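Here is a short briefing on one protein chain. Keep the structure open as you read.

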Amino acid sequence: MQADSLKILLADDDADDCLFFKDALDELPVTASLNTVKNGVELMSLLKSNSINLPHVLFLDLNMPRKTGFECLSEIKQNENLKQLLVIVYSTSSNPEVMDLLYHKGAHYYIRKPADFVNLKSVIHKALSLTVQTKLLPPSKENFLIQP
C-alpha cells in the first residue's frame, strides 16, 4: 500500500458527515481518492463486485439504513475475498462494550466522529498513517481507539 495513492471508501448515510470527511481529507498531506456509499446494502454490493480491486481502507459508520455497519463488518470478515480489507469504524458511539465487540469482530481501528474539523483532520490523518505503517496487521486492543 502506497501512502501517496490511497483508495478510501467511506460508508456513511449522513451526507453532511460525508462532506465533512471529504473536506478534511482534502486538507491532509496525502494523495487519496475517496468513494462513498450511503447504506450497507450499497457497500456490500460494491465490495463484492470489486473484490479484486478493493480500497486500501474502509471507513465504516455503524448506524446505516438497510444493513448496519455491524452486519457489514461481519459479512466482510466472513468473506474470503473481502476479509483482508482494512476496516476503520467511524461512528458517534462511545460505548466501550460496542468498541470491544467491534475489535473482536475484526475491525482494525475505531474513530468516534469528532464535531470539530481540526480533530476530524487529526484522526483521519492518524488512521491513514497507521494503515500505511501497520500494513494490515491488526492493532493491539490498547491502540484500537484513534483519538485526536
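α3 passes α4 in a left-handed crossing. This is a predicted model. The notes below start from that helix pair, then move to the neighbouring helix, the loops on either side of α3, and a site in α5.

**α3 against α4**

- Helix α3 covers residues 69–78, and helix α4 covers residues 96–105.
- Their axes lie 10 Å apart and make an angle of about 20 degrees.
- The angle is under 35 degrees, so α3 runs roughly parallel to α4.
- On the α3 side, F70, L73, S74 and K77 make the contact.
- On the α4 side, the partners are V98, L101, L102 and K105.
- By class, this contact holds five nonpolar residues, one polar residue and two charged residues.
- Residues three or four places apart in an α-helix point the same way, because there are 3.6 residues a turn.

**α2 against α3**

- α3 also packs with α2, and here the crossing is right-handed.
- The two axes come within 10 Å and cross at roughly 15 degrees.
- That angle makes α2 roughly parallel to α3.
- From α2, the residues G40, L43, M44, L47 and K48 take part.
- They meet C72, E75 and I76 of α3.
- The class split is five nonpolar, one polar and two charged.

**What is buried in α3**

- Which residues of α3 are buried? They are G69, C72, L73, S74, I76 and K77.
- Their cover includes α2 (40–49), β3, β4 (86–91) and α4.
- L73, S74 and K77 are on the buried list, and they also touch α4.
- C72 and I76 are buried too, and they meet α2.

**The loop between β3 and α3**

- D61 and R66 both sit in this loop.
- Is D61 buried or exposed? D61 has a relative accessible area of 4%, and the cut-off for buried is under 20%, so D61 is buried.
- Beyond its neighbours within four places in sequence, D61 is in contact with A11, D12, D13, G69, Y90, S91 and K113.
- One of those partners, G69, is itself a buried residue of α3.
- R66 counts as exposed, at 64% relative accessibility.
- The phi angle of R66 is near 70 degrees, a positive value in a residue other than glycine.

**The loop between α3 and β4**

- E80 is found in this loop.
- E80 counts as exposed, with a relative accessibility of 59%.
- E80 and S51 are 29 residues apart in sequence, yet their C-alpha atoms are 9.7 Å apart in space.

**K126 in α5**

- K126 lies in helix α5, which spans residues 117–134.
- K126 counts as partly exposed, at 34% relative accessibility.
- Which residues does K126 contact, leaving aside its neighbours within four places in sequence? They are I146, Q147 and P148.
- K126 and I146 are 20 residues apart in sequence and 7.3 Å apart in space, C-alpha to C-alpha.

**Confidence**

- The protein chain averages a pLDDT of 88.
- Of the residues, 95% score at least 70.
- Confidence is highest in strand β3 (residues 57–60), at a mean of 95.
- Confidence is lowest in strand β6 (residues 145–146), at a mean of 84.
- I146, the partner of K126, falls in strand β6.

Notes:
Residues numbered from 1 in each chain as written. Predicted model: local features only at pLDDT ≥ 70, side-chain atom pairs only at ≥ 80, totals over all residues. Heavy atoms only, no water. pLDDT = per-residue confidence, 0-100. Helix = DSSP H or I, 4+ residues; strand = E, 2+ residues; numbered from the N terminus. Axes fitted to C-alpha atoms, helices over the stretch in contact; angles between N-to-C directions. Parallel < 35°, antiparallel > 145°, perpendicular 65-115°, else oblique. Left-handed = near helix turned anticlockwise from the far one by under 90°. Contact = heavy atoms within 4.5 Å. Nonpolar A, V, L, I, M, F, W, Y, C, P; charged D, E, K, R; others polar. Buried < 20%, exposed > 50% of the residue type's maximum accessible area, 1.4 Å probe, protein only.
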